[in-house]
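Work through the exercises below with the sequence and the structure side by side, and try each task before you read its solution.

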Amino acid sequence: MANAVNIGVLVSGNGSNLQAIIDRIEDGTIPARITCVISNNAGAYGLQRAEKHGIPAVHMDHRIFSGRESYDTAMVEALKQYDVNLVVLAGFMRIITPVFLDAFPLAVMNIHPALLPSFPGIHAQRQALDYGVKFTGCTTHFVDAGTDTGPIIMQSVVPVLPDDTEESLSARIQIEEHRVFPESVRLFVEGRLTVDGRRVIVS
Ligand code: GRF
């Protein structure tokens, strides 16, 4: 049996992906626990979701720090206090620095609402609509120093329909996010992910 995985989840908003992971932990699918949920945004609904499930919910206001590095240093300290060994970015709308990545090598996971490497960065769904692709989806990946460039863990495809709006497309993608993100976390927790250069091998 591998060492227990303690997950720290960072959110900035609604936290529906956080909820999907909580649900899969509570139903026994993911053999791990979330030891803290941290948000840069006091009003993030994700913090309330954590509290409802008895998970420590922490607001860390980035505005009181002098820069990204000092914020990330404090964030790493907080995550270490909660014994975190997997960091899950679930709609965390801040760029993280090497200070953060060096503290959790190959142990920071993100979900992006497009089929990377297409449409990185913000407004991925709008980018897909504007480009006119017929299919898009979501991608889970390990985080590296770039924006949405890290090794890909899982992807899921959804169609783009002729009358789609950003909202309708986002909703279709989120159904897949809520399946693929907990599954990626489960694979990590079970020690089944190995990174070989850009490739993530699932055993
Ligand atoms: C998701 O669309 C995810 O792909 C992106 O941020 C959004 C977070 O949604 N990274 P939620 O807060 O989990 O509902």
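**Exercise 1: The ligand and its surroundings**

Task: Which domains supply the shell around the ligand in this predicted model, and which helices and strand contribute to it?

Solution: Begin with the domains: domain 1 (1–105) and domain 2 (110–203) each give at least three residues to the shell around the ligand. Next, turn to the secondary structure, where helix H1 (16–26), strand S5 (108–112) and helix H6 (166–189) each provide at least two residues of that shell. Then find the individual residues, among them Asn14, Gly15, Ser16, His112 and Glu177. Finally, sort the shell by class, which gives two nonpolar, seven polar and one charged residues.

**Exercise 2: Polar contacts and burial**

Task: Find what lies 2.5 Å from an oxygen atom of the ligand, and then state how much of the ligand's exposed area the protein buries.

Solution: Start at Ser16, where an N or O atom of the side chain is 2.5 Å from a ligand oxygen atom. Continue to Glu177, which has a polar side-chain atom 2.7 Å from an oxygen atom of the ligand, and to Gly15, where a polar backbone atom is 2.8 Å from a ligand oxygen atom. The ligand taken alone exposes 370 Å², and the protein buries 83% of that. The space that the ligand takes is the largest pocket.

**Exercise 3: The loop after the strand**

Task: Examine the backbone at Pro117 and at Phe119.

Solution: Both Pro117 and Phe119 are placed in the loop between S5 and H5. At Pro117, look at the bond to Leu116, which is a cis peptide bond with an omega of about 10°. At Phe119, look at phi, which is positive at about 55° although this residue is not a glycine.

Notes. Residues are numbered from 1 along each chain as its sequence is written. This is a predicted model: local features need pLDDT of at least 70, side-chain atom pairs count only at pLDDT 80 or more; totals for chains, interfaces and linings use all residues. Side-chain values use heavy atoms; hydrogens and water are left out. A residue is near a molecule or strand if one of its heavy atoms lies within 4 Å of it. A polar contact is a pair of N or O atoms within 3.5 Å; within protein, one must be able to donate a hydrogen and the other to accept it, and residues adjacent in sequence count only if both atoms are side-chain atoms. Accessible areas come from the Shrake-Rupley method with a 1.4 Å probe; for residues, only the protein chains shown count as cover. On a 1 Å grid over the protein atoms alone, a cavity is a set of points where a 1.4 Å probe fits but cannot get out, and a pocket is an open set with protein on both sides within 12 Å along at least five of seven lines; lining residues have an atom within 4 Å of a point. A molecule sits in a cavity or pocket if more than half of its atoms lie within 2 Å of its grid points. Helices (H or I, at least four residues) and strands (E, at least two) are DSSP runs, numbered from the N terminus. Ala, Val, Leu, Ile, Met, Phe, Trp, Tyr, Cys and Pro count as nonpolar, Asp, Glu, Lys and Arg as charged, and the others, Gly among them, as polar. Domain bounds come from an automatic or database domain assignment.
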